[in-house]
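Colleague: Please take one part of this model, the binding site, and describe it closely in a single connected account. I would like the cut-offs stated as you go.

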Amino acid sequence: MRLESVELIRVKMPLVRPFRTSFGEQTVRDVLLVNAYTGDGHGWGECVAQVDPFYSEEFIDGAQMVLETWLIPQVLAQQSVVAEDVPELLKNIKGHRSAKAALEMAILDAQLRARGHSLSRYLGGVRDTVEVGVSVGITNSVDELLDVVAGYVADGYTRVKLKIEPGWDVEPVRAVRARFNDLRLQVDANTAYRVGDIEHLKKLDEFGLLLIEQPFEEDDLATHALFAQQISTAVCLDESIVSTRSTEVAIDAGACSIVNIKVGRVGGLIESRKIHDLCVSRGVDVWCGGMLESGVGRAANVALASMSGFTLPGDISASNRYFAQDITEPFELVGSCLKVPTGPGLGVTVDQEMLASLGAVRTHITGR
Ligand code: OSB
Ligand code: MG
């Protein structure tokens with residue numbers, strides 16, 4: 001397949017409710033879409049980098065610049081390319097995994113659309129629906145949190161993740177657990193704690209949580225391993241997992257017993273599949289994380305989560321939990337599940353009128 005040109009599209013999508021974590025609050029998703037034009041047709045990708053470098057060192061303007069200056073030109077320079085070549089082709093550029101993931105996704109989508117195969121089929125998916133949960137941001141009060149969680153439970157979600165930080169942990173978790181007895185509950189700290197907080201965090205053991213996600217800094221596997229020995233609740237890593245190699249090191253170090261896979265954080269769908277396979281072989285449960293994606297990235301997440309090792313519900317909520325209107329047909333809850341798209345590639349269609357009405361800004365990159 002020959003890559004002929006790539007169009008980058010930026011579009012701001014207002015969130016239906018502000019999303020607050022230990023690293024800040026978001027009210028708008030600034031989405032970067034990648035459209036790969038190949039000799040065999042086109043495909044879509046989404047870059048999940050956030051506006052600020054607070055979750056990881058990547059940020060959306062930087063990701064766009066890296067795509068324009070290095071990633072896209074290096075692929076355009078090839079006579080012929082398939083998605084499976086992309087990781088090796090981009091290896092000389094350090095990091096920038098979510099930018100690489102978006103370009104690989106667009107090329108893979110084009111390739112699969114041309115073949116008429118769905119992404120789920122390509123990845124070896126075994127399910128036609130996936131169980132999903134909802135990630136709930138930090139609120140101004142425990143009462144407000146209870147109202148927000150009650151709304152999601154009424155919508156059909158049976159697994160809720162609460163964002164925590166020092167000063168917002170045991171009390172809100174206790175309150176949600178007291179009100180929602182059978183709810184599957186987990187927490188995510190986005191690296192907000194330090195080794196001296198271990199005694200305090202052990203209090204979370206009494207609430208029957210599914211897991212505690214990334215309590216300590218991303219390069220601090222030692223503290224995660226120490227913590228894992230002292231707490232009964234499973235420790236899960238998000239930010240620390242950036243490749244198959246880092247996953248293996250984390251498992252060997254005893255730093256986690258569950259892994260959150262995010263396509264952007266690990267550099268693409270192909271690396272995500274490798275991490276899945278490693279975790280299955282090591283008996284480690286995996287689940288699909290989320291980055292407040294539009295319908296494009298969400299379609300990729302749902303397909304990924306259809307693989308057999310994804311045994312826990314993903315942070316892949318229905319479109320209306322994020323946006324009043326999505327840029328693709330919306331993903332809707334069926335019970336506590338989303339349907340896996342069966343159409344070619346990502347299996348979703350981008351609504352060009354919707355993009356225009358949101359004031360999308362386009363940049364076309366042609367190499368030749
Ligand atoms: O840590 O999982 C995280 C969103 C942005 C950045 C980091 C995270 C998140 C979420 C949202 O938790 C999950 C979702 O997309 O629903
Ligand atoms: Mg997380």
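Modeller: Contact here means heavy atoms within 4.5 Å of each other. This is a predicted model, in which local features need pLDDT of at least 70 and side-chain atom pairs count only at pLDDT 80 or more, whereas totals for chains, interfaces and linings use all residues. Residues are numbered from 1 along each chain as its sequence is written, chains are lettered from A and ligands numbered from 1 in the order in which they are written, and side-chain values use heavy atoms, with hydrogens and water left out.

The chain is assigned domain 1 (3-116 + 350-366) and domain 2 (121-339), with bounds from an automatic or database domain assignment. Their C-alpha centres lie 23 Å apart, and 36 residues of domain 1 are in contact with 43 residues of domain 2. Each of these two domains supplies at least three residues to the shell around ligand 1.

That shell has 17 residues, the closest being Lys163, Asp188, Asn190, Leu292 and Tyr322, where a residue is near if one of its heavy atoms lies within 4 Å. Polar contacts (pairs of N or O atoms within 3.5 Å) link oxygen atoms of ligand 1 to the side chains of Asn190, at 2.7 Å, of Asp188, at 3.0 Å, and of Lys262, also at 3.0 Å. Taken alone, ligand 1 exposes 390 Å², and the protein buries 100% of that area (Shrake-Rupley method, 1.4 Å probe). Ligand 1 also sits in the largest cavity, that is, more than half of its atoms lie within 2 Å of the cavity's grid points, a cavity being a set of points on a 1 Å grid over the protein atoms alone where a 1.4 Å probe fits but cannot get out.

Terms used:
Polar contact = N/O pair within 3.5 Å; in protein donor to acceptor, adjacent residues only side chain to side chain. 1 Å grid on protein atoms, 1.4 Å probe; cavity = no way out; pocket = protein on both sides within 12 Å on 5 of 7 lines; lining within 4 Å.
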